[in-house]
Every structure is written in C-alpha cells, then in structure tokens.
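Please look through the sequence and the model shown below before reading on. The report that follows takes up the metal site, then one chain after the other.

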Amino acid sequence: MSQQTKKGHFPWKHIIGFLISIALTLVAFATALWTDWSSTTIFIIILIFAVIQAALQLVMFMHMTEGEDGGLISGNTLFGFFIAIVIIVGTYWLMTSGHMHMGMSM
Amino acid sequence: MDLKWNEFIITGDPLILGAQISILLGGIAVVAALTYFKKWSWLWKEWLTSVDHKKLGIMYILSALLMLFRGGIDGLMIRTQLAKPGMEFLDPQHYNEVFSTHGVIMILFMAMPFLIGLINYIVPLQIGARDVAFPYLNNLSFWTFFVGMALFNISFIIGGSPDAGWTGYTPLATNEFSPGPGQNYYLLAIQIAGIGTLMTGINFFVTILKMRTKGMTLMKMSMFTWTSLITMLIIIFAFPVLTVALAMQTFDRLFGSVLFTLQGDGNPMLWVNLFWVWGHPEVYIVILPAFGIFSEIISTFARKQLFAYKAMVVSIVTISVLSFLVWVHHFFTMGNSAEANSFFSITTMAISIPTGVKIFNWLFTMYRGRITFTTPMLWSLAFIPNFVIGGVTGVMLAMAAADYQYHNTYFLVSHFHYVLISGTVFACFAGLIYWYPKMFGHKLNEKIGKWAFWIFVIGFNVCFFPQYFLGLDGMPRRISTYLPEDGWTGLNMISTIGAFMMGLAFLIFVYNIYYSWRYSPREKTGDAWGLGRNLEWATTSSIPPHYNFAVLPEVTGLDPYWDMKEKGLDQQKNTDYKPIHMPSNSSTPAIMSALMGMAAFGLVFQWYWVGIVGAVGIFITMIVRSFDYNDGYYVSVEEIKETEAKANK
Ligand code: HEM
Ligand SMILES: [Cu+2]
C-alpha cells in the first residue's frame with residue numbers, strides 16, 4: 001500500500017481519506033443541525049465520529065502504520081489509548097458510584 | 001506567605017539543630033576539600049556536565065546511597081519512637097514529618113534513582129551501544145532528579161517538612177489542615193523529579209528500541225534490558241498522571257482552586273484516586289528492574305540460561321498492562337460500590353499470577369545448575385522466600401472484604417516492606433555488588449559483604465515479621481505512640497531491634513566500599529566474575545572505555561557473551577577501528593535544573609517574584625540550548641588504538 005504513494009502513483013490513500021473525512025464531518029454537522037435528538041445523543045455521535053476521524057488522519061495522512069516502526073508506533077498509540085480510557089472510565093465509575101458520590105454534584 | 005525568620009529556619013529542636021550543624025560542617029568540609037585539592041573544574045568538566053551514561057549512572061547511585069542513609073535515619077527514628085509505649089523521643093508533629101519524608105525519600109529519591117542508576121550504567125552496555133539515544137536529556141534527567149531531591153531534603157531545616165504522609169492525601173494536605181510550606185515542598189520537589197523520571201522513561205525506551213547492536217532482536221535481549229524496557233513503558237504512561245495530580249493540588253494550595261478541597265465542588269477522593277492511578281504502576285516500576293537484576297545474577301552464578309525466557313517476557317509484558325488495572329486496591333475502604341471493589345479485587349489477584357510465574361523461572365534456572373555462592377547470589381537467593389511472603393500477604397490484602405480488617409494496620413506496612421525491601425532493596429545491593437567491578441574496576445570484599453548480607457537479612461525479618469502480628473492485633477499505621485494496655489510492646493521492641501540491625505548492616509556495607517577501594521585487587525579483564533553472559537562483560541577493560549566498544553559486537557543468540565566465549569571468539573581481536581562519534585558534554589542541564597529549583601523554592605514560600613525570575617531563567621536556558629549546534633565529536637582511530645592497548649595490558 002505504502003509503496004504506491006512513494007513511487008509517485010496517484011495518491012489514492014489521501015483522496016479516500018479526504019473524502020471519508022469530509023463525509024464524517026458532514027454527517028456530524030447534519031446530526032447537530034437537522035435532528036431533534038437529545039443533546040447527549042448528539043454529543044456522543046459527534047464524539048464517535050471525531051475519534052474515527054482522528055484515527056483516519058493518523059493512518060491515512062500521517063502514515064502511522066508505515067515504515068519500519070509502524071507496528072511499534074501503532075501499538076504504543078493503541079496502548080496509550082487503552083490506558084487513557086481505563087483511567088477516565090475507571091475514575092468516572094468510582095467517583096459516581098458507591099458512597100463516594102454523596103456530597104458530589106456530578 | 002508571611003514567615004518570621006525563626007519560622008523560616010527551623011529552630012528549637014535539638015535533633016534538627018544537630019542535623020543543621022552537621023550539614024553545615026559537612027558542606028564546609030566538602031567545599032574546602034574541593035578547593036584545596038583544586039578539584040572544582042575536574043568535578044564540573046568530568047562529572048557534573050557529563051553526558052556519559054556510565055558517569056550519570058554512578059552519580060545516580062551515589063545520590064541514592066545518600067538518600068538510603070537519610071531515609072534510613074528517618075526509619076530508625078520512627079522505630080525508636082515506637083520501641084516502647086509512651087516514648088517522648090519525637091512529638092506527634094515531628095513524628096508525622098518523619099514518616100512522611102521517610103516514605104517519599106525511600107520510594108522516589110532512593111529506590112527510583114538507584115534502579116535508574118543501574119539501568120543507566122548497564123543497559124547501553126548490554127545492548128551493545130555507545131550511549132543512550134538522547135545523551136543531553138540523560139544529563140538533564142539526572143539534574144532534575146537531583147534538584148527535586150535537594151529541594152525536598154532542605155524542607156526539614158528551612159520552613160518545615162511535609163507531614164501528610166508519602167501519599168499526601170487530601171483533605172489532610174489542603175491548606176486548611178496543613179498550613180505552611182511543608183506540603184508545598186512535597187508537591188514541587190516531586191514535580192521536578194518526576195519530570196526527570198519521565199524524560200528517563202522516554203530516553204531509555206527509545207534507546208532500547210533503536211540502539212541495539214547488530215543481530216540483537218527483541219527476543220535476544222537480556223532479561224534486565226527487557227524489564228527496563230517495560231519499566232520505561234510504564235513510566236511513560238504513569239508519570240503524566242502524577243504530574244497532573246500534583247499540579248492540581250499545587251493549584252489548590254497556592255492559587256485557591258477547589259479541586260480536592262472540602263469547600264465548593266472539590267472532591268478529596270479524586271486526589272486519592274489519581275495518586276494511586278500513578279501509585280500502583282509505580283510499585284511495579286520499582287520492582288520490574290529488580291526482577292531483571294535477579295534474573296541476571298541467578299543465571300550467571302547458576303551457569304545456566306534463564307529458564308523459560310519466553311514465559312518471563314510474556315509475564316512482564318502482561319504485568320505492564322495489568323499494573324494499570326488494579327489501583328483501587330489501595331482504597332477499598334473508601335466507600336466504593338461493591339461492583340468496583342470486586343472488579344479490582346479480581347484484577348489484583350490476577351496480577352499476582354505473572355508475578356508468581358517468575359518465581360518458578362528462577363527456581364528452575366537454579367535446578368541442576370552449578371551454583372557459586374557469591375554475595376550477589378546470596379542476596380538473590382534470600383530475595384525468593386522473602387518476596388514470596390510479601391506476595392502472599394499482598395494477595396490477602398487483595399480480597400476487598402478482608403482488607404477492611406488489614407487496611408491501615410501494620411499488616412499492610414509489613415506487606416509493602418517485604419516486597420519493597422526484599423525485592424527492590426535486595427536487588428539494588430545485589431546489582432551494585434555484581435556490577436561493582438564494571439563501575440569501579442575492583443570487586444567489593446566478599447567476606448565483609450557476607451557479614452552485611454546476613455545481618456541485614458536477619459535484621460529485616462526481625463524488624464518486619466512481627467509487624468504482621470502487630471497488624472493482626474489491631475495496631476494502626478502512622479500512630480506516634482500507644483499505651484501499655486494495648487499489648488503491642490514486646491513485638492514493637494523486637495521490631496526496633498531488627499531495624500537497628502539493618503542500620504548496622506548498611507554501615508558495614510558502606511565500610512566495605514571504603515575497605516575494598518583500599519585493598520581489593522584490581523580487575524584485569526572485562527569479565528570480572530569469569531562467568532559473564534551478556535555484553536556488559538565483553539568490554540576490553542573492567543571499566544569500559546568511554547566509548548564502550550571499540551568495535552560494536554555482533555549478536556547471534558541469547559547470552560551473547562557466553563556464546564562468544566564458548567565459540568572461542570574474542571571480541572577484542574577485531575581491530576577494524578573506525579572513528580567513533582560521541583556526544584559532547586553540556587552545562588545547560590545543570591543550570592536549567594538549578595533555575596527550576598529556584599523557581600520551585602519561590603513557589604514553596606509563595607514568593608512569586610522568585611518564582612517568576614526562576615521561570616524566565618528556565619526559558620532563557622532553553623533558548624540558549626536551542627541555538628547550540630554542537631553535535632558531538634569524533635574519537636580518532638589513533639586514540640582508540642591507544643586506549644585499547646592500554647586496556648589490554
Ligand atoms: C503479589 C502481588 C501484590 C499484591 C496482590 C499486592 C496487593 C496490595 C494491596 C491490596 C495493597 C493495599 C492494602 C491496603 O492499603 O489495605 C497493597 C499495598 C502496597 N503494596 Fe502491594 N501487592 C503486591 C505486590 C507489591 C509489590 C511488588 C510492591 C512494590 C515493590 C508493592 C508495594 C506496595 C505498597 C508500597 C503498598 C502500600 C502503600 C501505602 O498505602 O502507603 N506491592 N498491596
Ligand atoms: Cu498496589
């Protein structure tokens with residue numbers, strides 16, 4: 001795959017990435033503007049699209065998976081992502097359940 | 001902060017006065033000696049500005065030994081106060097300060113730099129590299145650590161020490177309950193040292209991944225290198241959490257935010273949570289390199305390859321993930337939901353499985369090996385049963401329901417001392433003795449070393465084993481005294497005796513350094529024990545030349561140096577020298593870190609102008625650095641020939 005762009009062929013990867021990015025942005029935009037879903041739902045949808053788009057950019061434009069360190073960089077990024085989720089979800093869970101949440105205005 | 005002069009410099013306590021006088025005299029003596037022997041420029045040029053990983057390693061270890069001494073004194077003061085009921089050696093306030101500084105110093109300023117020092121010295125050699133990936137950063141890491149350490153240590157003579165425990169729990173640590181500069185010292189000193197640790201993490205992670213010599217694939221790395229790699233990975237992901245948490249508490253204390261306070265929307269438990277999100281990975285940061293050290297020593301002195309190398313690698317990689325999934329076991333009793341406690345109870349028990357696997361690896365490595373009982377091997381052998389005791393009691397603590405009984409008692413205190421001392425501290429001693437000839441060109445005396453070993457290990461058990469029973473008998477941690485009716489007197493007395501035995505053993509250990517420097521025979525080859533298996537032993541001289549390897553070794557399998565010896569290959573025979581590119585020394589890290597210290601000192605006392613001047617200074621040194629185009633120098637072939645010839649004599 002990566003050979004294509006390197007050898008000066010038509011940059012399919014960039015074009016596809018660009019189109020998908022635009023599509024994702026438009027859909028997110030449409031959800032916010034033209035639906036009457038609750039703001040929480042809209043927020044979640046936008047968030048999901050944002051994450052997909054960030055991943056897309058890393059892979060399609062920033063060539064994260066390519067080169068001799070591609071696997072390593074991707075692995076580390078995924079690991080970092082995993083740890084971040086664990087910390088955030090875990091903390092939120094703990095701070096909003098049990099006796100802890102009493103006296104908290106969350 | 002409006003402090004009167006006599007509040008700024010702590011007065012009125014005979015113990016602190018004694019410390020102040022001895023620090024003053026010691027400082028004057030060092031300055032006088034350096035001036036008299038005209039060593040200032042040598043010290044600055046050869047050591048303080050050095051980017052050589054070997055010299056930085058030695059400086060880390062020396063600082064760590066100093067901190068082991070300071071933290072040890074703290075420990076002995078705690079044990080003296082608790083020896084009998086109603087002791088009046090330390091008043092409660094002073095007692096709180098002593099156990100708080102003891103914990104911080106032992107974990108952050110002793111265990112961490114000791115291990116990082118050993119990693120600094122050994123890992124680049126083991127992977128057949130000439131230095132680390134970012135030598136400049138390495139020096140900066142050392143200096144930020146050193147400045148953080150210095151800042152923390154002056155607290156007890158200037159302004160007062162932190163007294164909210166090494167965990168700095170809010171709300172106790174908020175301005176309301178801990179006024180004064182003490183807790184600010186805690187926050188800022190750890191912040192600065194933590195930045196250094198994070199840089200070390202990145203530096204060595206990249207070094208190990210990118211700078212291995214030809215042929216050394218990941219699965220051919222030594223176990224110490226593997227554990228270091230995983231440690232660095234954990235550092236990279238855990239330390240930012242500490243940085244953020246410390247910054248948040250700093251904001252609360254200095255700028256009146258209400259993140260962890262009882263007022264407003266603050267939530268003190270959030271601090272506890274964030275502290276342990278970092279804190280549990282941290283305990284693995286200090287134990288994994290220790291596992292690596294024991295693996296090296298055991299396979300060297302059993303003359304066998306490490307048993308089930310792959311299982312070992314898998315288990316440490318598993319630990320790196322699991323270590324982020326267990327933090328709640330430190331606050332089961334804080335009122336979490338039953339689901340949360342159960343979840344973290346199970347993950348905690350799960351992490352003891354990969355830990356347990358390794359015990360079997362070491363046992364099977366020794367099985368049918370021809371074992372030589374050197375001092376480093378003795379420390380490694382003693383580690384196994386003692387660590388098992390610590391681990392088993394850890395699993396007891398991991399059961400959330402049972403932990404309601406054990407939590408905050410001496411049972412817990414005993415657990416973590418069993419894992420930290422018999423794991424980390426034994427490993428530091430073992431590693432230092434094992435690699436001592438690499439660092440200083442001669443071994444430590446074995447006979448004196450064995451005395452220190454036996455006294456320490458026996459003293460350690462005498463000190464901490466009774467504490468399990470004190471804990472089961474209900475003695476809480478962090479109390480400054482108790483009553484005769486409590487019935488804890490006998491065991492406490494025994495425990496104190498054990499503590500002083502460890503103190504004695506430490507003195508013998510230090511004496512051994514002096515004795516061996518005077519009398520030990522100097523090593524003539526790079527392979528001081530004659531049994532070396534990894535590349536650190538493949539150097540021409542006992543202390544490697546500053547470029548480590550004249551010609552970079554090539555690796556074909558595990559235990560590469562052992563392999564070369566078996567095949568009769570001589571690394572030194574290869575004299576196809578080429579000029580070697582080496583990094584230049586730099587003086588900006590020391591200056592930058594000193595300015596960080598100044599800025600932090602200003603913040604501790606809320607003298608903002610000092611803080612601002614320091615911060616501006618930091619930016620200026622950064623700008624100066626970014627215009628520094630020096631990209632190292634070449635060691636000429638003639639110089640290599642000369643050095644190698646001298647070493648081969
Ligand atoms: C076999 C694996 C281990 C298990 C299952 C385990 C479990 C636990 C649990 C449940 C606690 C909290 C108890 C309480 O506060 O009531 C604890 C505390 C602690 N553990 Fe471990 N542990 C293990 C290994 C280690 C290791 C390897 C180290 C470090 C080298 C370590 C260091 C500590 C420290 C420092 C504390 C207490 C910190 C404090 O409250 O001040 N543990 N352990
Ligand atoms: Cu833990």
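## The metal site

In this predicted model, the iron atom of ligand 1 has a single donor from the protein, namely the NE2 atom of B:His415, at 2.2 Å. The residue that supplies this donor, B:His415, belongs to helix H14 of chain B, which runs over residues 410–440. A second metal is found beside this site, since the copper ion (ligand 2) and the iron atom of ligand 1 are separated by 4.5 Å.

## Confidence in the model

How far does the predictor trust its own result, and what values does it give the complex? The complex receives an ipTM of 0.88 and a pTM of 0.93. For chain B the average pLDDT is 94, and 99% of the residues score at least 70. As a general caution, where pLDDT is low, the predicted coordinates should not be read in detail.

## Chain B: the annotated domain and a buried glutamine

The UniProt record, an unreviewed entry, carries the annotation "domain: Cytochrome oxidase subunit I profile" for residues 36–556 of chain B. Over these residues the chain is 68% helix and 0% strand, and the C-alpha atoms at the two ends of the span are 52 Å apart.

One residue of chain B, B:Gln249, can be followed in some detail. B:Gln249 sits in helix H8, which covers residues 223–255 of chain B. Is B:Gln249 buried or exposed? B:Gln249 counts as buried because its relative accessible area is 1%, and the cut-off for a buried residue is under 20%. When residues up to four places away in sequence are left out, B:Gln249 touches B:Gly168, B:Thr170, B:Ala173, B:Gln183, B:Leu187, B:Phe260 and B:Trp271. Among these contacts, B:Leu187 is 62 residues away from B:Gln249 along the chain, yet the C-alpha atoms of the two residues are separated by 7.6 Å.

## Cysteines without a bond

A disulfide requires two cysteine sulfur atoms within 2.5 Å, and by this rule the count over all chains is zero. B:Cys428 is in no disulfide, and the nearest cysteine sulfur, that of B:Cys463, is 18 Å away. Why is the sulfur of B:Cys463 without a bond? The closest cysteine sulfur to it, in B:Cys428, lies 18 Å away, and therefore too far for a bond. B:Cys428 counts as buried because its relative accessibility is 2%, and B:Cys463 is likewise buried, with a relative accessible area of 2%.

## Chain A: a helical chain

Chain A has four helices and zero strands, so that reading along its sequence gives the pattern α-α-α-α. Of the 106 residues in chain A, 25% are buried. Chain A exposes about 7300 Å², and carbon and sulfur atoms supply 75% of this area. Among the contacts in chain A between residues at least 6 apart in sequence, 46% join residues at least 24 apart.

The UniProt record, again an unreviewed entry, places the feature "transmembrane region" at residues 12–34, 40–61 and 73–95 of chain A. Two of these spans are set out in the table.

| Span in chain A | Helix and strand | Distance between end C-alpha atoms |
|---|---|---|
| Residues 40–61 | 100% helix, 0% strand | 31 Å |
| Residues 73–95 | 100% helix, 0% strand | 33 Å |

The table therefore pairs an annotation taken from a record with values computed from the model, and the annotation itself may be inferred rather than shown by experiment.

Methods:
Residues are numbered from 1 along each chain as its sequence is written. Chains are lettered from A and ligands numbered from 1 in the order in which they are written. This is a predicted model: local features need pLDDT of at least 70, side-chain atom pairs count only at pLDDT 80 or more; totals for chains, interfaces and linings use all residues. Side-chain values use heavy atoms; hydrogens and water are left out. Donors are N, O and S atoms within 2.8 Å of the metal (3.2 Å for Na, K and Ca); water is not among the atoms, so sites may look incomplete. Buried means under 20% relative accessible area, exposed over 50%, partly exposed in between (1.4 Å probe, protein chains only). Contact means heavy atoms within 4.5 Å. Accessible areas come from the Shrake-Rupley method with a 1.4 Å probe; for residues, only the protein chains shown count as cover. pLDDT is the predictor's confidence in each residue, from 0 to 100.
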